[in-house]
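Good morning, and thank you for coming. I would ask you to keep the structure in view while I speak, and to follow each residue as I name it.

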Amino acid sequence: MKILITTVFDYPHAGGLSTHVTTLKAGLEARGHEVDVLSISDAPGWQKKFYARGPSFVLNKVKKGKGIIWSRKARQNMLHKLIVENKSKNYDIINAQDAFATFASLESGIPTVSTVHGYMAFEAVSAGSVEEGSEEAKLLQEMEKKAYSSTRKVITVDQRIKDYVKKQAGVDGTAIRNFIDIHDFQPATDKKAELRKKHGFSDDDLVFFVPRRLTKKNGVIYPTLAFPKVLEKFPNAKLVYAGMGEAFEELKALIAEKGLENQVQLLGAVPHAKVKEFFALSDVVLVPSVHSAGVEEATSISALEAMGSGIPLIACAVGGLKEIVNHEHDGLLVEEKNVAELEDAMLFLLENPETGAQLAKNARQKIEDEYSHLAAAEKYESIYLSALEKN
């Protein structure tokens, strides 16, 4: 098949959706398909600036939420134009990665299926882009419903999102949990010393890595809140964040307030290809997600990558993380926002490295058995074929 993947967001970028697209593309191509990606990044820069971003900024000054509605619709129109310009490539099917990409793709007349990665309206509220209960929030929910009911097939990245789509739009989707390239993210302990030297860490440092976009639902403040207790016993511990987001300034201020500037690093957005280097040099990975404005973590790609990389994982027991991690078998789960539990888990893995190594070994085996990008691509292929049979 000739497959087009579409999104109104930038591609590539530092984030789960972009990682999903890259990994799905690799899996489908390994199965012999031709795969292209069209995103808002393919539109002219001036167009994005003057047609989407500029008016969005002004409208948000009038009322919070108006800007995001304008921006998403503008992006939809630009993406639709790009799809039409590429119709001569005769794509068999489009896999849209968000609601507005779904609308842009449907308008082209090419058979379209949609992957739902989260809760669009609730996530906009959680991020502070839209006021809860506002007309703009309600409009985003209506747009979600319309997208789910208009596309030929709906794929969700976990069971909770499948249930959400059913509740919102009465549509039965297919849950295909997120996945990773098991060849790209794999244990690399033999490179640990080399990578530590490259990134400025010593062999004696005990590194906690938080590969998370800095947003409220990712709970990024909690590792910093827990870290002083860890430092009391392990003064050579380091806490490293890779990601950007609206919580950056809050987190930076908290680090300063706690006097942790020398022990905590904020790397900002890190290219996905380089993230695996930080997995390899780390001792423990933290995925401290929390519930926020009705939003909960899906099947976290960051958690899967940590497990695939053979690094012990501590995650909060919310959303898809409860499905991924079997507590005390292939990782540790702690109660969300519970700083004391997080402190205890962090200390436990530093004090018991053999146990951590066994958790990591079990986690890698689970990734190979259940979260391979090749197996996921086969499932997507089946959905595409089913959609093409649908009139």
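I begin with the second largest pocket, whose volume is about 320 Å³. Please note that what we are looking at is a predicted model. A lining of 19 residues surrounds this pocket, and those closest to its centre are Lys 192, Asp 283, Pro 312, Pro 353 and Ala 357. Two elements each give two or more residues to the lining, namely helix H14 (339-351) and helix H15 (353-370). Which of them gives the most? That is H15, with 6 residues. By character, the lining of this pocket divides into 11 nonpolar, 4 polar and 4 charged residues.

H15 leads us to another helix, H12. The buried residues of H12 pack against H15, and also against helix H1 (16-30), helix H11 (272-281), S10, strand S11 (313-316) and helix H13 (321-324). How many residues of H12 are buried? The count is 8 of 8, so the helix is mostly covered. Among them are Ile 301, Leu 304, Glu 305 and Met 307. At the N-terminal end, Ser 300 acts as a cap for H12, with a side-chain oxygen 3.4 Å from the backbone nitrogen of Ser 302. After H12 comes Gly 310, which has a positive phi, near 75°.

Let us now turn to the loop that precedes this helix. Between strand S10 (284-287) and helix H12 (301-308), the loop holds Ser 289. Is Ser 289 buried or exposed? Its relative accessibility is 0%, and therefore Ser 289 counts as buried. The side chain of Ser 289 is joined to that of Arg 212 by a polar contact of 3.0 Å. Beyond its neighbours within four places in sequence, Ser 289 is in contact with several residues, including Lys 217, Asn 218, Glu 297, Cys 316 and Glu 336.

My last stop is another serine in a loop. Ser 41 sits between strand S2 (34-39) and helix H2 (45-62). Why does Ser 41 count as partly exposed? The reason is its relative accessibility of 29%, because the partly exposed class lies between 20% and 50%. Ser 41 also has a polar contact of 3.0 Å, here between its side chain and that of Asp 10. Leaving aside neighbours within four places in sequence, the contacts of Ser 41 are Phe 9, Asp 10, Tyr 11 and Lys 48. Finally, Ser 41 and Asn 77 stand 36 residues apart in sequence, and their C-alpha atoms are 13 Å apart in space.

Technical notes
Residues are numbered from 1 along each chain as its sequence is written. This is a predicted model: local features need pLDDT of at least 70, side-chain atom pairs count only at pLDDT 80 or more; totals for chains, interfaces and linings use all residues. Side-chain values use heavy atoms; hydrogens and water are left out. Helices (H or I, at least four residues) and strands (E, at least two) are DSSP runs, numbered from the N terminus. Buried means under 20% relative accessible area, exposed over 50%, partly exposed in between (1.4 Å probe, protein chains only). A polar contact is a pair of N or O atoms within 3.5 Å; within protein, one must be able to donate a hydrogen and the other to accept it, and residues adjacent in sequence count only if both atoms are side-chain atoms. Contact means heavy atoms within 4.5 Å. On a 1 Å grid over the protein atoms alone, a cavity is a set of points where a 1.4 Å probe fits but cannot get out, and a pocket is an open set with protein on both sides within 12 Å along at least five of seven lines; lining residues have an atom within 4 Å of a point. Grid points are joined across faces, edges and corners, and a volume is the space filled by probe spheres set on the points. Ala, Val, Leu, Ile, Met, Phe, Trp, Tyr, Cys and Pro count as nonpolar, Asp, Glu, Lys and Arg as charged, and the others, Gly among them, as polar.
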